[in-house]
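Reader: I am new to this structure and should like to understand the terms used to describe it. Please show it first.

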Amino acid sequence: MEMETRPEGQATEATEQGVPGTDQREVARTDGYQGAREARVGQSVQAPMAPVTGWALRRRKLRKALTGPAGRRGALGVVAFIALWQVVTKLDEWVGPQVPLVGALPAPSDVVLRLFELVATGGFWSSWYLSFGRVMWGFAFAMLVGIPFGLLMATSATAKRLLFPPFEVLRPIPPLAWVPLAILFWPTQELSITFVTFLGAFFTVVMNTVGGGEQIDRRYILAARSMGANKWRMFRRVVLPATLPSIATGAVVGMGITWEVVVAAELISGGGGGGSAGGGLGFLVWNSYQGGDIAAVVVGMISLGIAGYISSILVRMASNLTMPWKRLA
Amino acid sequence: MSTQVDRGTDGARIARVTDPSSLELRGVTKLFGEGPLATPVVQDCSFTLESGKLTAMIGPSGCGKSTIAFLVAGFERPTRGEVLLDGQAVSQPSHERLLIFQETALMPWLTTYENVMFGPKMRRAANKDTKRRAEELLERVGLREFRDKYPLQLSGGMQRRAELARALINDPKVMVLDEPFRGLDAMTRVLMQEYYSALFEEGGRTSLFITTDIDEAIFLADRLLIMTNLPARVREVIDVDLPRPRDKEEVLVSERANEIKEQAFDVLHEEALKSFAGGNKAAADFVEAYTRRQETTD
Ligand SMILES: Nc1ncnc2c1ncn2[C@@H]1O[C@H](COP(=O)(O)OP(=O)(O)OP(=O)(O)O)[C@@H](O)[C@H]1O
Ligand SMILES: [Mg+2]
């Protein structure tokens, strides 16, 4: 998907400047031909068109996403969904009969009102802060430990024979089954929750790193060997960059799992204190449910959705930074 | 090995090899598999890459050509026999014998320039001189404007030229190109042949060019090695005594080139027939194409 970005951007540029819309591959290849011919007759190769890069490209894409037909249809979909939800849940108030099942849910208007009340409380924000902190710490440690661990198993057959069997036995254990032990083992509740979150991402990160490291195209390794790479430079300049895309995939998936895990861990552990709306977003959902405050449950759920979305954007941004060749801008 | 630098017709600096090396395969056998399952892929194969010459190896698909390329590069060791560079047995990969793989093997995470500088960097030999040489090579292969692009942003032909530059900067004594232009469209392929031919004529570096395309082989080579079917051995050596520098169109209509082609075809045809009898699909295709060709020329 990322690979598509540049040609699209350039094709747009070309049409905007009145150049007949040529396929990017075609443009590049024509330049190549000239390269071959001209180098013989001694002329220089023509400069290619300046590509649209970085923020300019991103801004253009964003504008297109918001105002283009796709953006308009997307917005329409969201509005229609909320309107339908409002009608279905308010039908008993407005007309009389309650719609079965969904009629008992809070209406969007009630959720928005409850949201305004909640954002005014410190507890709501402390829940955001707590859950985000647990996820980020757990995730960071999972990366910090998981990547070297995975790379070790990918590059050393001995290490893999030694470490992989116990790893494979521990891997299928659901992170939630670790909660009791984690509470016993770690001195504070906070550490226990963070540890369970760590486990959620750790196994995924390791599996992806090992898989990526083992699937490196053999020719990269051979080419580097014949050009005289020693072990360290082979690792640093070939193995590591070749494994990065798999590590990034592991990170994106792992980040998703940490959010699932943190919510459950907060439910089980009781949130670690912090008032009615505090104690983490997962705790907020559970606690509101027990108090019969269904609108707050929905506020908590939507908060979790937004928080998960933000963190996956952060992971993607970080992976784009480490892999400029994947951006191709 | 030393190189002498002078100016080519287009003003670019050209490194010409002054004392080219020679490489010999002496009685090389390569078995794949263990014990009773071991099957020979290369059997008692001997040939010499003469110094400063371009030798083309041509043989049916799957006959063991890539295996020979791996043996020369030192990625595989012969089960029996020796690979000798200037009389010295070799057993390890080295930048003195570089292989250009069948499909592009540029590092996708490095820009064109970084790819070219990869070899010197790996040997901690990157300095002002190699950096200047990298720029010159990029200029020479027509990729100066693409020096900061990543391989995925280059067309197939450009990738192949970047790879030539990446190998040449290491000043290899022997270069092996394993079907380097396979997978390129017909037009790009012809241009790449002309391009490579010019590069070789400038540099005079001992080279082995592996191909399944007989026209390509005759246009490029000083000598043809025609291989047998699996297990690979040299079936016939044909000298291609066409004058250099060569021009693709001239070679196409040249009487001598067509004689050589007939000669090579006859040998290849026999080999293909043999493996056709053994039920080889590629050989069957070859026989069919050959028969059609005979019909049109007669
Ligand atoms: N590492 C290996 N282990 C076992 N068999 C192998 C190995 N490498 C190659 N072979 C076998 O050796 C034979 C020759 O392979 P090779 O790739 O050298 O042929 P080729 O002439 O280069 O073919 P192509 O034209 O398809 O490139 C094939 O039958 C292949 O299956
Ligand atoms: Mg091959």
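Reader: In which strand of chain B is Asp44(B) found?

Author: This is a predicted model. Asp44(B) is found in strand β4, residues 39-49 of chain B.

Reader: Why is Asp44(B) called partly exposed?

Author: The relative accessibility of Asp44(B) is 48%. Buried means under 20% and exposed means over 50%, with partly exposed in between. The value of 48% lies in between, and therefore Asp44(B) counts as partly exposed.

Reader: What is notable about phi of Asp44(B)?

Author: Phi of Asp44(B) is near 45°, which is a positive value in a residue other than glycine. Most residues other than glycine have a negative phi. Asp86(B) also has a positive phi, near 50°. Asp86(B) lies in the loop between β6 (80-85) and β7 (88-89) of chain B, and its relative accessible area of 40% makes Asp86(B) partly exposed.

Reader: What kind of peptide bond runs from Arg244(B) to Pro245(B)?

Author: The bond is cis, with omega near -5°. Most peptide bonds are trans. Pro245(B) has its place in the loop between β12 (234-239) and α8 (248-253) of chain B.

Reader: How do you know that Ser66(B) and Gln102(B) coordinate the magnesium ion (ligand 2)?

Author: OG of Ser66(B) and OE1 of Gln102(B) are at 1.9 to 2.3 Å from the magnesium ion. A donor is an N, O or S atom within 2.8 Å of such a metal. The distances of 1.9 to 2.3 Å are within 2.8 Å, so both atoms count as donors.

Reader: Where in chain B do these two residues lie?

Author: Ser66(B) is in helix α1 (residues 65-73), while Gln102(B) is in the loop between β8 (97-100) and α2 (112-116). The two are 36 residues apart, and the pair links distant parts of the chain. Ser66(B) is partly exposed, with a relative accessible area of 26%.

Reader: What makes Lys121(B) suitable for inclusion in a surface patch?

Author: Patch residues need over 30% relative accessible area and no salt bridge. Lys121(B) has 47%, so the area requirement is met. Lys121(B), found in helix α3 (residues 118-122) of chain B, forms a positive surface patch with Arg236(A), Arg237(A) and Lys131(B).

Reader: How many helices and strands does chain A have?

Author: Chain A has 14 helices and zero strands. Of its 329 residues, 39% count as buried, because their relative accessible area is under 20%.

Notes. Residues are numbered from 1 along each chain as its sequence is written. Chains are lettered from A and ligands numbered from 1 in the order in which they are written. This is a predicted model: local features need pLDDT of at least 70, side-chain atom pairs count only at pLDDT 80 or more; totals for chains, interfaces and linings use all residues. Side-chain values use heavy atoms; hydrogens and water are left out. Patches are made of residues with over 30% relative accessible area and no salt bridge: like charges are joined within 9 Å, nonpolar side chains (Val, Leu, Ile, Met, Phe, Trp, Tyr) within 5 Å. Accessible areas come from the Shrake-Rupley method with a 1.4 Å probe; for residues, only the protein chains shown count as cover. A salt bridge is a side-chain nitrogen of Lys or Arg within 4 Å of a carboxyl oxygen of Asp or Glu. Lys and Arg count as positive and Asp and Glu as negative; His and the chain ends are not counted. The place of a charge is taken as NZ of Lys, CZ of Arg, CG of Asp or CD of Glu. Helices (H or I, at least four residues) and strands (E, at least two) are DSSP runs, numbered from the N terminus. Buried means under 20% relative accessible area, exposed over 50%, partly exposed in between (1.4 Å probe, protein chains only). Donors are N, O and S atoms within 2.8 Å of the metal (3.2 Å for Na, K and Ca); water is not among the atoms, so sites may look incomplete.
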